[in-house]
Amino acid sequence: MSFPIRKFDAVIVGGGGAGLRAALQLSKAGLNTAVLSKVFPTRSHTVAAQGGISASLGNVQEDRWDWHMYDTVKGSDWLGDQDAIEFMCRAAPEAVIELEHMGMPFDRVESGKIYQRPFGGHTAEHGKRAVERACAVADRTGHAMLHTLYQQNVRANTQFFVEWTALDLIRDENGDVVGVTVMEMETGDVYIFHAKAVLFATGGAGRIYASSTNAFMNTGDGLGICARAGIPLEDMEFWQFHPTGVAGAGVLITEGVRGEGGILLNADGERFMERYAPTVKDLASRDVVSRAMAMEIYEGRGCGKNKDHVLLKIDHIGAEKIMEKLPGIREISIQFAGIDPIKDPIPVVPTTHYMMGGIPTNYHGEVVVPKDGNPEVPVKGLYAAGECACASVHGANRLGTNSLLDLVVFGKSAGDSMIAYVKEQSDWKPLPKDAGMFTKQRLDRLNGQANGEKVDALRTELQRTVQLHAGVFRTDAILKEGVDKVLKLYERAKNTEIGDKSMVWNTARIEALELDNLMEVAKATMIAAEARKESRGAHASDDHPDRDDVNWMKHSLFYSADNRLDYKPVHTKPLTVDYIEPAKRVY
């Protein structure tokens with residue numbers, strides 16, 4: 001064997017919300033569980049989620065899980081799988097109450113029940129009126145969730161490997177996953193973690209874009225690893241642009257600001273969303289608001305010296321409410337925009353935020369691939385949850401606050417599936433004779449390359465290319481040019497170099513390995529987007545402005561080895577209720 005071996009019942013790659021929720025299930029079941037995290041778990045990107053977690057508790061006004069399901073299906077522009085969506089929306093109230101009982105410090109209404117605020121796309125009676133569904137901890141909901149789950153895992157004796165990163169999957173001759181190669185980031189030492197089951201909870205990959213709300217660590221590691229292992233990536237053409245990133249900085253301003261009464265204004269001081277979504281106005285679905293803002297800017301009604309942003313006004317809701325419900329947003333605005341929102345509006349612009357696609361899974365958290373005519377056959381021993389996974393509950397556009405819900409519902413579901421699978425195994429499946437060899441070859445190539453491509457320069461060029469060619473509005477020509485550019489960058493990335501192994505910091509090596517993952521994600525994104533000849537959710541094509549349910553209501557599957565696209569049907573049969581028929585998305 002090329003690397004030292006450590007054995008675990010289960011290995012979880014990623015210490016954010018999904019990874020911690022799965023780990024809690026596994027550790028409480030008595031399984032020997034390892035959680036790898038590139039950062040200390042409470043600094044995972046879940047910490048940046050601000051506005052809330054959705055659940056039809058009905059604490060402020062009447063709400064029902066099937067109304068939540070309708071909003072999620074509509075938000076997904078009918079690309080979401082309705083069985084998985086029903087599963088998630090039904091489980092939502094129990095998931096939130098579980099978090100409350102774990103100690104998550106939700107805001108409260110006067111009666112003592114969990115506080116809920118309105119959010120974009122959340123409605124009652126199938127779109128008739130807005131409803132309060134987002135359960136919040138001021139504007140730091142993800143922060144509170146992450147700390148709560150981490151504390152529960154400490155109590156359950158979960159083993160954490162902090163500042164460790166995964167490199168490649170290990171599959172046996174049957175294609176079953178039997179482990180993963182990992183690196184201790186401080187030392188550069190590589191190990192094989194031999195496991196009965198592996199879960200990827202590695203988060204998003206927003207760093208393929210130049211302007212993103214994502215942390216610098218969000219480099220699509222789980223997706224890159226799967227792509228190299230022959231597993232397709234699903235629906236990678238769909239990237240959500242959050243309407244309100246701080247102009248020039250990209251830092252997220254939660255939708256909860258508009259839920260608390262904030263409004264968007266153009267250079268004329270007009271509340272322009274009344275023209276685009278007359279019923280729910282500023283609380284329309286994210287893709288709708290983002291495109292409306294982009295149109296205002298494109299048509300010359302943008303604000304500022306360069307007319308390149310719009311304004312988010314909240315001073316009218318009062319200083320007391322801002323300090324109580326949005327203290328973190330005020331802090332972000334002061335730090336990154338130099339604006340105190342108690343006095344002046346915040347400059348905002350649509351910014352890359354969330355990846356709807358990812359590693360294909362079912363609602364049990366099992367990774368599924370086409371095989372022998374069946375579009376979804378589980379890969380034994382491999383699971384995924386959270387933003388890196390595609391269940392698909394978000395379809396072509398994610399509904400706000402469903403991200404935190406996704407983490408805990410499918411983190412728990414994947415954990416339960418892993419427990420059942422591990423308990424079926426009397427012993428570890430043998431490692432293949434060449435286990436770790438692929439990783440060794442990748443590392444040897446990096447260390448041995450001289451006068452190659454510089455990682456930082458190549459990453460910057462990739463991000464600018466994707467930003468320009470896969471943005472809010474797309475055309476056939478722009479996408480085709482983007483595909484050509486990304487494929488050339490992908491080839492160049494095979495020649496990256498980090499210098500003499502004895503002379504460089506390990507961060508250089510880590511960044512080079514992360515670039516490999518970014519390249520896989522960017523390639524999948526551009527090729528899948530260029531192929532989809534319609535507008536659906538976050539994928540808006542000027543050349544194909546209408547949604548085409550006849551030809552394009554299907555999930556894309558991208559295979560990296562030969563840049564091949566395949567497709568599979570959307571699940572149109574819910575678990576217990578009637579199918580929600582496609583309709584025009586009007587808010």
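**View 1. Antiparallel pairing of strands β8 and β9 in the predicted model.** Strand β8, which covers residues 177-184, is joined to β9 in the antiparallel sense over five bridges. Within this pair, Val-180 of β8 stands opposite Phe-193 of β9. The two strands form a hairpin with five residues between them, and in this hairpin Gly-188 takes a positive phi near 80 degrees.

**View 2. Strand β9 and its parallel partners β1 and β17.** Strand β1 (residues 5-13) runs parallel to β9 and is joined to it by eight bridges, with Phe-8 standing opposite Ala-195 of β9. Strand β17 (residues 374-384) also runs parallel to β9, and here the connection consists of three bridges, with Leu-199 standing opposite Tyr-383 of β17. Strands of a sheet pair through backbone hydrogen bonds, in either the parallel or the antiparallel sense.

**View 3. Burial of strand β9.** Is β9, which spans residues 190-200, largely enclosed or largely open? Of its 11 residues, 10 are buried, so the strand is largely enclosed by the rest of the structure; a residue counts as buried here when its relative accessible area is under 20%.

**View 4. The annotated segment, residues 9-404.** An unreviewed UniProt entry lists residues 9-404 under the name "domain: FAD-dependent oxidoreductase 2 FAD-binding". Over this stretch of the predicted model, the chain is 28% helix and 27% strand, and the C-alpha atoms at its two ends are 27 Å apart.

**View 5. Packing of helices α13 and α15.** Two packed helices are described by the angle between their axes and the distance between the axes. The axes of helix α13 (residues 455-469) and helix α15 (residues 506-531) come within 11 Å and cross at roughly 20 degrees; because angles under 35 degrees count as roughly parallel, α13 and α15 are therefore roughly parallel to each other. The crossing in which α13 passes α15 is left-handed. On the α13 side the contact is made by Val-455, Leu-458, Arg-459, Leu-462, Val-466 and His-469, and on the α15 side by Glu-511, Ala-512, Leu-515, Leu-518, Met-519, Ala-522 and Met-526.

**View 6. The open sheet of strands β3, β5 and β4.** Three strands form this open sheet in the order β3-β5-β4, and their pairing is antiparallel. The edge strands are β3 (53-54) and β4 (116-124), each of which pairs on one side only. Two bridges connect β3 with strand β5 (residues 129-135) in the antiparallel sense, and the bridge partner of Ser-54 in β5 is Ala-134.

Conventions
Residues are numbered from 1 along each chain as its sequence is written. This is a predicted model: local features need pLDDT of at least 70, side-chain atom pairs count only at pLDDT 80 or more; totals for chains, interfaces and linings use all residues. Side-chain values use heavy atoms; hydrogens and water are left out. Buried means under 20% relative accessible area, exposed over 50%, partly exposed in between (1.4 Å probe, protein chains only). Helices (H or I, at least four residues) and strands (E, at least two) are DSSP runs, numbered from the N terminus. Two strands pair if DSSP finds at least two bridges between them. UniProt positions are given in the numbering used here, feature names are shortened, and annotations may be inferred rather than shown by experiment. Axes are lines fitted to C-alpha atoms, for helices over the stretch in contact, and angles run from 0 to 180 degrees between N-to-C directions. Angles under 35 degrees count as roughly parallel, over 145 as roughly antiparallel, 65 to 115 as roughly perpendicular and the rest as oblique. A crossing is left-handed if the near helix is turned anticlockwise from the far one by less than a right angle, and right-handed if clockwise. Contact means heavy atoms within 4.5 Å.
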